[in-house]
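User: I am new to this structure and would like to learn how to read its features one at a time. Please give the general idea each time, then the case at hand.

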Amino acid sequence: MAGLNWTLIWEGFLQTMEMVIISTVIAYVIGLPLGIVLSITKKGGLAENRIVNTILGGIVNICRSIPFLIFLVVLIPLTRLIVGTSIGTEATIVPLTFGAVPIIARMVEASLEEVGSGIVEAARALGASKAQVVFLFILPEAVPSLLQGSAINCVTILGYSAMAGFIGGGGLGAIAYQYGFIRYQTDILLVTVVILIIIVWAVQELGLFAARRSRH
């Protein structure tokens, strides 16, 4: 372990965190409102709209069904258009974001559906508009579930970022593949795996802690 290139591993860690954090934030900017729309336009929803729900739901389901490695390859032209290259840390953020959006949308939808109908009925009885019901009543009630879901989503994106290392992405996944697998440097492979496990554990614990605090 003393002969490990810790500078390389540290750079890989920073690249991984950059990919996960940026792609998670952007994916939530898109996925959160998409999940809200899916929830309120469903049958019996606050703003029921079968056409909108069917179209958006179909797109989300199709995107969710595509394996991420295939998603990476399919989005190469778009990645090159946006970033100027299809390899590296910045390029990996694009497919990570697009891959996470449908997952986040469905998880947000599920979290909102956990809110009891009594909350909605009480809000409407108070004269709240549909927007007020969503943003002042439903979303605050769903915060604990949304926080737990965000931890799961971060872990999923982290796993995606590791897979991206096999086809030119940066971060710990690329280091594990290039040095641990191709060059048979088992110590580097072991260290990167341990770091990824620690990150997953930390994210999950942080999500559970935040969810418990929000319930109070």
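Analyst: Start with a pair of charged side chains: K42 and E113 meet in a salt bridge, at 3.3 Å from N to O. A salt bridge is a side-chain nitrogen of Lys or Arg within 4 Å of a carboxyl oxygen of Asp or Glu. K42 lies in the loop between α1 and α2 (50-65) and E113 in helix α5 (residues 89-113), so the pair ties together parts that are 71 residues apart in sequence. The model is predicted: local features need pLDDT of at least 70 and side-chain atom pairs count only at pLDDT 80 or more, while totals for chains, interfaces and linings use all residues. Residues are numbered from 1 along each chain as its sequence is written, and side-chain values use heavy atoms, with hydrogens and water left out.

User: How many salt bridges does the structure hold?

Analyst: The structure holds two. In the other pair, the side chains of R106 and E109 meet at 2.6 Å, N to O. R106 and E109 are separated by about one helical turn, because they are three residues apart in helix α5.

User: Is K42 buried or exposed, or something in between?

Analyst: The general idea is a cut-off on relative accessible area: buried means under 20%, exposed over 50%, and partly exposed in between, with a 1.4 Å probe and protein chains only. K42 has 28% relative accessibility, so K42 counts as partly exposed. E113 is partly exposed too, with a relative accessible area of 40%. In the other bridge, both R106 and E109 are buried.

User: What is the secondary structure of the protein chain?

Analyst: Helices (H or I, at least four residues) and strands (E, at least two) are DSSP runs, numbered from the N terminus. The protein chain has nine helices and zero strands. Along the sequence, the pattern reads α-α-α-α-α-α-α-α-α. As for overall dimensions, the C-alpha atoms fill a box of roughly 70 × 40 × 25 Å along the principal axes.

User: Which residues are in contact with A105, leaving aside its neighbours within four places in sequence?

Analyst: Contact means heavy atoms within 4.5 Å. By that rule, and without those neighbours, A105 is in contact with G31, L34, G35 and L38. A105 is in helix α5 and has 0% relative accessibility, so A105 counts as buried. The C-alpha atoms of A105 and G57 are separated by 9.5 Å, with their positions 48 residues apart along the chain.

User: Where is G171, and what does it touch?

Analyst: G171 lies in helix α8 (residues 171-182). Not counting residues up to four places away in sequence, G171 touches G12, Q15, T16 and M19. G171 is buried, with a relative accessible area of 1%. From G171 to G88 the distance is 8.5 Å, C-alpha to C-alpha, though the two are 83 residues apart in sequence.

User: What about Y177, in the same way?

Analyst: Y177 is also placed in helix α8. Y177 is partly exposed, at a relative accessible area of 23%. With neighbours within four places left aside, Y177 is in contact with G165, F166 and I182. Y177 and S23 are 154 residues apart in sequence and 22 Å apart in space, C-alpha to C-alpha.

User: Which residues form the nonpolar patch on the surface?

Analyst: Patches are made of residues with over 30% relative accessible area and no salt bridge; like charges are joined within 9 Å, and nonpolar side chains (Val, Leu, Ile, Met, Phe, Trp, Tyr) within 5 Å. Accessible areas come from the Shrake-Rupley method with a 1.4 Å probe, and for residues only the protein chains shown count as cover. Here the patch is formed by I21, I22, V25, I26, V29 and I30, with about 500 Å² of accessible area together. One of them, V25, lies in helix α1 (residues 6-40) and counts as partly exposed at 49% relative accessibility.

User: Is T24 buried or exposed?

Analyst: T24, found in helix α1, counts as buried at 9% relative accessibility. Beyond neighbours within four places in sequence, T24 is in contact with I104, C154 and I157.

User: What share of the residues of the protein chain counts as buried?

Analyst: Of the 216 residues, 42% count as buried. The accessible surface of the protein chain comes to about 11800 Å², and 68% of that belongs to carbon and sulfur atoms. Among contacts with a separation of 6 or more, 72% are between residues 24 or more positions apart.
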